[in-house]
Amino acid sequence: MSSTAPPRVLTVAGSDSGGGAGIQADLKAMLALGVHGMSVITAVTAQNSLGVQGYWELPAEAVRAQFRSVVDDIGVQAVKTGMLASIELVETVSGLLAGIDAPVVVDPVGVSKHGDALLAAEAVATVRERLLPVATLATPNLHEVTQLTGRVVEDEAQMLDAAKALLDLGPRWVLVKGGHLAGEAADLLYGGAGEEHWYRAPRYDNRHTHGTGCTLASAIAAGLAKGEELPGAVASAKEYITGAIAGGFALGAGIGPVDHAWRWR
C-alpha cells in the first residue's frame, strides 16, 4: 500500500562535511518537521567543529541540472537557499528561482559560524540585485544585514530600520535575526507597514550553535510547504530552533551543532 507523499522542500546550498550546517542541517530539519527534503548542492566544504578548511564550488551547469531534475519531475512546495559562493552561482540560482511558483526562503549566507567567508566579496552586489528580489523571505543575521545594507545594528531599536532597508532590496518579507545582540534572542519579521512581528525566546548558555541559520530557514520553508502563513511558519520555526539550540551538543574540539532531533530524545 502506497502512502501519500509529504510536502516537498528543496534546499539549494553547500555541503557541510561535519554534518552540522548546510545541506546536512537542512535535510535533518526537514525530516524532523515532516516534509520530504531534496537538495541541489552548490559547493562542497571541508568543514568540522573548528572551521572551514576549504570549499569547492560546483559548476553552474551541475547546479542547473540538479535543480531542473528535481523541479521538473518531483516538484516543490517551497525552496530554501543557503551558500551560493560566487557571482555565477548566485546568478544561476536567481534565474532558476524566478521561474517557479513556490515560496522561496533566502538565507543570504556570508560567513560561517567560525567567521570563514562563504560568499565571495564581489558576489554581495549580485545577491542584492538578483537574489533578494526573487525571495519570499530573506533571513539575514546582523553580520549579513551589514554586508547587504551597510547598516550596523547594535540594539533592537535599530532592527526595524535595517528591516526596512532590506525590504527595499526586493524580498516580500525580511526576518532580521537578533541572535548576536545581548539579552533575549529576538527576531523581527517585517513585510511593510502594519506587518511587523517580533519573536522572542530565552537565550541558552550553550556555545554549540553550529547550523542555526540553515536550520531556521529550512524550518520556515517546511512550514510554508505545509501551508502555514508566513508569520505562523516563523513562529513554529523559532520554537523548533530554540529547542535545537538548547539541545546543542559538543562534537570535536570546537563549536558543536544544534540538535535537529531534540523532540525525539
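Biologist: What does Leu167 touch, not counting residues up to four places away in sequence?

Modeller: Leu167 touches Arg172, Trp173, Val174, Tyr190, Gly191 and Gly192, where contact means heavy atoms within 4.5 Å. This is a predicted model, in which local features need pLDDT of at least 70 and side-chain atom pairs count only at pLDDT 80 or more, while totals for chains, interfaces and linings use all residues. Residues are numbered from 1 along each chain as its sequence is written, and side-chain values use heavy atoms, with hydrogens and water left out.

Biologist: Why does Leu167 count as buried or exposed?

Modeller: Buried means under 20% relative accessible area, exposed over 50%, and partly exposed in between, computed with a 1.4 Å probe on protein chains only. Leu167 has 18% relative accessibility, so it counts as buried. Its C-alpha atom is separated by 9.2 Å from that of Pro133, although the two residues are 34 apart along the chain.

Biologist: Where does Leu167 lie, and what does that element lie across?

Modeller: Leu167 lies in helix α6; helices (H or I, at least four residues) and strands (E, at least two) are DSSP runs, numbered from the N terminus. Helix α6, residues 159-167, lies across β7 (173-177), β8 and β9, and runs at about 40 degrees to β8. For that angle, axes are lines fitted to C-alpha atoms, for helices over the stretch in contact, and angles run from 0 to 180 degrees between N-to-C directions.

Biologist: What makes β8 and β9 a pair?

Modeller: Two strands pair if DSSP finds at least two bridges between them. Six bridges join β8 (residues 185-190) to β9, so the condition is met, and the two strands run antiparallel. Ala185 stands opposite Ala201 in β9.

Biologist: Why are β3 and β9 said to stand at the edges?

Modeller: The open sheet has nine strands in the order β3-β2-β1-β4-β5-β6-β7-β8-β9, with mixed pairing. β3 (51-57) and β9 (196-201) each have a single partner strand, so one side of each is left without a neighbour in the sheet.

Biologist: Why does Asn141 count as buried or exposed, and what does its side chain reach?

Modeller: With 14% relative accessibility, Asn141 falls below the cut-off and therefore counts as buried. It sits in the loop between β6 (137-138) and α5 (142-149), and its side chain reaches the backbone nitrogen of Glu144 at 2.8 Å. Not counting residues up to four places away in sequence, Asn141 touches Lys177 and His180.

Biologist: Which residues of the largest nonpolar core touch the most other members?

Modeller: A nonpolar core is a set of buried Ala, Val, Leu, Ile, Met, Phe, Trp, Tyr and Cys residues joined through side-chain atoms within 4.5 Å. The largest has 45 residues, of which Leu10, Phe67 and Ile100 touch the most other members. Apart from it lies another core of 29 residues, including Tyr240 and Ala244.

Biologist: How do you know how compact the protein chain is?

Modeller: The chain contains eight helices and nine strands. Its radius of gyration, taken over C-alpha atoms, is 17 Å, close to the 18 Å that the globule rule gives for 265 residues, so the chain is as compact as a globular protein of that length. The globule rule is 2.2 Å times the number of residues to the power 0.38. Buried residues make up 55% of the 265 residues.

Conventions
A polar contact is a pair of N or O atoms within 3.5 Å; within protein, one must be able to donate a hydrogen and the other to accept it, and residues adjacent in sequence count only if both atoms are side-chain atoms.
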